[in-house]
Amino acid sequence: MVVKVGSSSLTTATGGLDADRVDALVDVLAGVRGGGDREGDGAGGRETGGREIVLVSSGAIAAGLAPLGLDRRPRDLARQQAAASVGQGLLVARYTASFARYGVRVGQVLLTTDDTSRRSSYRNAYRTLDQLLGMGALPVVNENDTVATDEIRFGDNDRLAALVAHLVRADLLVLLSDVDGLYDGDPSTPGTARIAEVRGPADLAGVSIGSAGRAGVGTGGMVTKVEAARIAAAAGIPVVLTSASRAADALAGRDTGTYFHRTGRRSADRLLWLAHASTPRGALTLDEGAVRAVVERRTSLLPAGIAAVEGEFSAGDPVELRDPEGRAVARGLVNFDAKEIPQLLGRSTRDLARELGPAYEREVVHRDDLVVLHS
C-alpha cells in the first residue's frame, strides 16, 4: 500500500509538527504493517505479517516555518527551499522516533521529476524502494524541495503519491487529508453529500471540486487529489480518498471516504512518469506523416518528420511533440541538443550519417522513450 498524508494532517496552521497527529498516524500504519516482524535473522527478508507500506509524506516546508520564524508558507522558491531544509530533518526525525516504538526502521527517499522520468534514474528509484521494503524498512517519500526548481517540481505530493504507487506496483493508494472524502459540493454547505464511489470520469460530471485545503499550509487541495486518483486508477491501482482520522478504516478496507475504481490496466514501465511528472524543456513540431507514425503506429520519431524546433534543451531532456496545428500529441526524451536539430530537419538518417557521421543515424526520440498524449 502507498499512503499519502498532507501537511494539514501533520502540522498546526501556524507551522510546526503536531507530535500527537504524527503518532496517531504511525499507530495505524504500524498496526497494518504488522509491527515490523520479518523473516530471517534480522539482516533482511520481507515482513511475514501485515502489508508492505510506502508513506508519501508532505510537511517538510510546513514543519520548517515556525523554527525559521515564518508565520505562513512563503511564496518565493528560495525561502520554500530553506524551510524545507530545516523541516525535512524534523519531519523524518519525528517519524523515526515514532516508528521506533514498534521496532520499525524508516528510510528517507527524496525525489524530483528528473529522478524519475529518465530511464536510469527511474530504475534506481525503484531499486531503492524495493530494497528498503525487502530489508524491512518503511520508506518515507517526499519531494526534494531543498533543491527542486520550478522546472523539476512535482508541484504536489498527491501526484507524487500516484506515481510512486505505480513505481512500486502498489495494490492500493490511500490519500489522507483533512476532508473525509469527495463531496458533490462544498462539504461545509448543508445538503451536500459524500460521493462513495467513482467508477469513471462520468461519475464526476457536474461535481464542483474545491481547490484549497482548510489549514493553508500545503499546496494541494481536492483538485490535486482527484487528479492523483485519476492517474493511479488509469494505471490499474484503486484509490481511497479520506481523512487522516479515518486512516484505520481505509487501510482495513472498511467503507469510508471515496473509493476510485481502477479504470485501466497496470503498466510496468516508466512512461506514466514521463506523461505526468516531466516538464518539457522544448518542443518539436511534426509534419502530418510523422504525427500518424508516432501516434497511430507508435514508431520512433525520425529527423525527416520534424518541421520545426523550439526551446533550449539538451540530449536526454523531455520535449513536447506537436502536430502542425500546435497541439501536443506526445512527449519524449530527445537524443540531441536543441542546437543540433535545425540541421537535421526533414532529412533522412542515411543522408545525415553520410554527411555528419554514424552518430547521426539514429532516432530523435526513440519509441521506448515516448508517450502518446492524444490519439
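Visitor: What percentage of the 375 residues of the protein count as buried?
Guide: The model is a predicted one. A residue is buried when its relative accessible area is under 20%. Of the 375 residues of the protein, the share that meets this is 51%.

Visitor: How many helices and strands make up the secondary structure of the protein?
Guide: Both kinds of element are present in the protein. The secondary structure comes to eleven helices and 13 strands.

Visitor: Is helix α1 parallel or oblique to helix α3?
Guide: Helix α1 covers residues 19-33 and helix α3 covers residues 77-100, and their axes lie 9 Å apart at an angle of about 50°. Angles under 35 degrees count as roughly parallel, and 65 to 115 as roughly perpendicular. The angle of about 50° therefore makes the relation of α1 to α3 oblique.

Visitor: Which residues in α3 are met by residues in α1?
Guide: On the α1 side, the contact is made by A19, V22, D23, L25, V26, L29 and A30. By class, the contact of α1 with α3 has eight nonpolar, one polar and two charged residues. The residues met in α3 are R94, Y95, S98 and F99.

Visitor: Is T242 buried or exposed?
Guide: T242 is found in strand β7, residues 239-243. Its relative accessibility is 0%, and the cut-off for buried is under 20%. T242 therefore counts as buried.

Visitor: With which side chain does the side chain of T242 make a polar contact?
Guide: Leaving aside neighbours within four places in sequence, T242 is in contact with several residues, among them L175, D180, A250 and T256. The polar contact between side chains, at 3.3 Å, is with T256.

Note on methods:
Residues numbered from 1 in each chain as written. Predicted model: local features only at pLDDT ≥ 70, side-chain atom pairs only at ≥ 80, totals over all residues. Heavy atoms only, no water. Axes fitted to C-alpha atoms, helices over the stretch in contact; angles between N-to-C directions. Helix = DSSP H or I, 4+ residues; strand = E, 2+ residues; numbered from the N terminus. Parallel < 35°, antiparallel > 145°, perpendicular 65-115°, else oblique. Contact = heavy atoms within 4.5 Å. Nonpolar A, V, L, I, M, F, W, Y, C, P; charged D, E, K, R; others polar. Buried < 20%, exposed > 50% of the residue type's maximum accessible area, 1.4 Å probe, protein only. Polar contact = N/O pair within 3.5 Å; in protein donor to acceptor, adjacent residues only side chain to side chain.
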